[in-house]
Amino acid sequence: MKKVIKNGTIVTASDTYEADILIEGEKIVAIGSNLPEAGAELIDAKGTYVFPGGIDPHTHLEMPFGGTVSKDDFETGTIAAAFGGTTTVIDFCLTNKGEPLKNPIAVWHNKSKDKAVIDYSFHLMISEITDDVLEQLPAVIEEEGITSFKVFMAYKNVFQADDETLFRTLVTAKELGALVMVHAENGDVIDYLIKKALDEGNTDPIYHALTRPPEVEGEATGRAAQLTGLADSQLYVVHVSCSQAVEKIAEARSKGVDVWGETCPQYLALDQSYLEKPNFEGAKYVWSPPLREKAHQADLWNALKSGSLQTLGSDQCSFDFKGQKDLGKGDFTKIPNGGPMIEDRLTILFSEGVKKGRISLNQFVDISSTRIAKLFGLFPQKGTIAVGTDADIVLFDPNVERVISADTHHMAVDYNAFEGMSVTGETVSVLSRGEFVIREKQFVGKLGRGKYLKRAKYGEVISNKEEISI
Ligand code: URP
Ligand code: ZN
Ligand code: ZN
Ligand code: ZN
């Protein structure tokens, strides 16, 4: 079945132009003026931008964490993602020390395969490096196409790995062609600050932020970057929230170290004062790293603009306010960490970024899709609009004004972190490999249609082994 998209403005990471797009099956087969309509379904994109589908490199769907499980799973989470203009998610597969890696990978396949409505892939958490783990990693890359490994430098006694594990992961990743991702906060110092706060009777949600100051993020980011340089490896710092971490990434990059940085919509649009909301509502805004003083936001935007930060992930990890976040009433350390972000990622970047002149339209596409595809081995199958690529396409109305609310969102949780925020721009229709998932703001997709994506090694193109410059 053919489809032709007409009358829209195509936007890629490098160009903005008017042209038709011809889709045959799952692929884009032609781009040009006045493409023939005969035998094709006509999609009128008048008044919209035609973007490559968003890629969310950072989700935690149905993840056990903090004594509960994140509420949005691969069904509700990917439906909400699609409503927001995202056509691919990469979720974190958690591992346990000593357990064969194929077990948690199988668990993640089972969580996702009958549910996902858009395409998806996995990163693999490295909890410790042993000879046994080292032996299994080549198969993880070759057979599963998992080419990014995540190390946590925080969450002491839960996920936190030591520096030996981080360093050996960096060395191994270089050898095998994988990208190392870090959650960069100094977990030992945080542990001390938390104990001190609790000893002093400070139990409210705001102490989540006060016990994880920006210095602990800056320090861990700098440490990870230095170790990357030493290993001559490659690093991607997830959820960068503060000026201190931005500085460390920029400094490493200026010295030629291969370090990349991701921020998230919550750090661009919300600030630490949200954790002080009365009636325990501050708990809605508890995630790690925490929200920062407002002054950090300008540095994050400038870093996206200048290229010191390159991507936007959602860090989707949603918990209901009632029944999950309230596990931490009377003790902020028991509030499950995470927020519902998968749906509003692109709107926040567009409305707060493009519309307010902080980034360009083409940067918007690069930050939300193209760069992510290149870093995580999905390019050019995903991440751009070009002949031969998957027809993952978003029609986006750049002028509609609306208010974000849990009353109208599609995530499974009982609140929205951006509740009441006025934004400009909305996803109208979404195609995933040539089929509508969202059509005129209605969900028309199918559970389980999303395909698991095996990814290319770091710096390689998905369809062949040619090198790309990233
Ligand atoms: O608080 C957060 N960010 N929850 C999800 C897990 C993580 O650290 O990314
Ligand atoms: Zn598999
Ligand atoms: Zn994290
Ligand atoms: Zn995360």
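**Exercises on a zinc site and the cysteines**

At 5% relative accessibility, His60 counts as buried. The model is predicted.

**Exercise 1.** Find which protein atoms are donors of the zinc ion (ligand 4) and how they are spaced along the chain.

*Solution.* Step one: the protein donors are NE2 of His58, NE2 of His60 and OD of Asp315, at 2.0 to 2.1 Å from the ion. Step two: along the chain, the donors of the zinc ion (ligand 4) show the spacing H-x1-H-x254-D. Step three: His60 sits in the loop between strand S8 (54-59) and strand S9 (64-65), while Asp315 sits in the loop between strand S17 (311-312) and helix H11 (345-354), so this pair ties together parts 255 residues apart in sequence. Step four: Asp315 has 8% relative accessibility and therefore counts as buried.

**Exercise 2.** Decide what arrangement the donor atoms form around the zinc ion (ligand 4).

*Solution.* Four donors count as tetrahedral if all angles lie between 85 and 135 degrees. Here the 4 donor atoms subtend angles of 87 to 138°, so the arrangement is irregular. As for the surroundings, the zinc ion (ligand 3) is 3.8 Å from the zinc ion (ligand 4).

**Exercise 3.** Determine how many disulfides there are, and check Cys93 and Cys317.

*Solution.* The cut-off is a pair of cysteine sulfur atoms within 2.5 Å. With this rule the count is 0 disulfides. For Cys93, the closest cysteine sulfur belongs to Cys317 and is 15 Å away, too far for a bond. Cys317 is in no disulfide either, its nearest cysteine sulfur being that of Cys264, at 12 Å. Cys93 counts as buried because its relative accessibility is 0%; Cys317, with a relative accessible area of 2%, is buried.

Technical notes: Residues are numbered from 1 along each chain as its sequence is written. Chains are lettered from A and ligands numbered from 1 in the order in which they are written. This is a predicted model: local features need pLDDT of at least 70, side-chain atom pairs count only at pLDDT 80 or more; totals for chains, interfaces and linings use all residues. Side-chain values use heavy atoms; hydrogens and water are left out. Donors are N, O and S atoms within 2.8 Å of the metal (3.2 Å for Na, K and Ca); water is not among the atoms, so sites may look incomplete. Four donors count as tetrahedral if all angles lie between 85 and 135 degrees; four count as square planar and six as octahedral if opposite donors are over 155 degrees apart and all others between 65 and 115; anything else is irregular. Helices (H or I, at least four residues) and strands (E, at least two) are DSSP runs, numbered from the N terminus. Buried means under 20% relative accessible area, exposed over 50%, partly exposed in between (1.4 Å probe, protein chains only).
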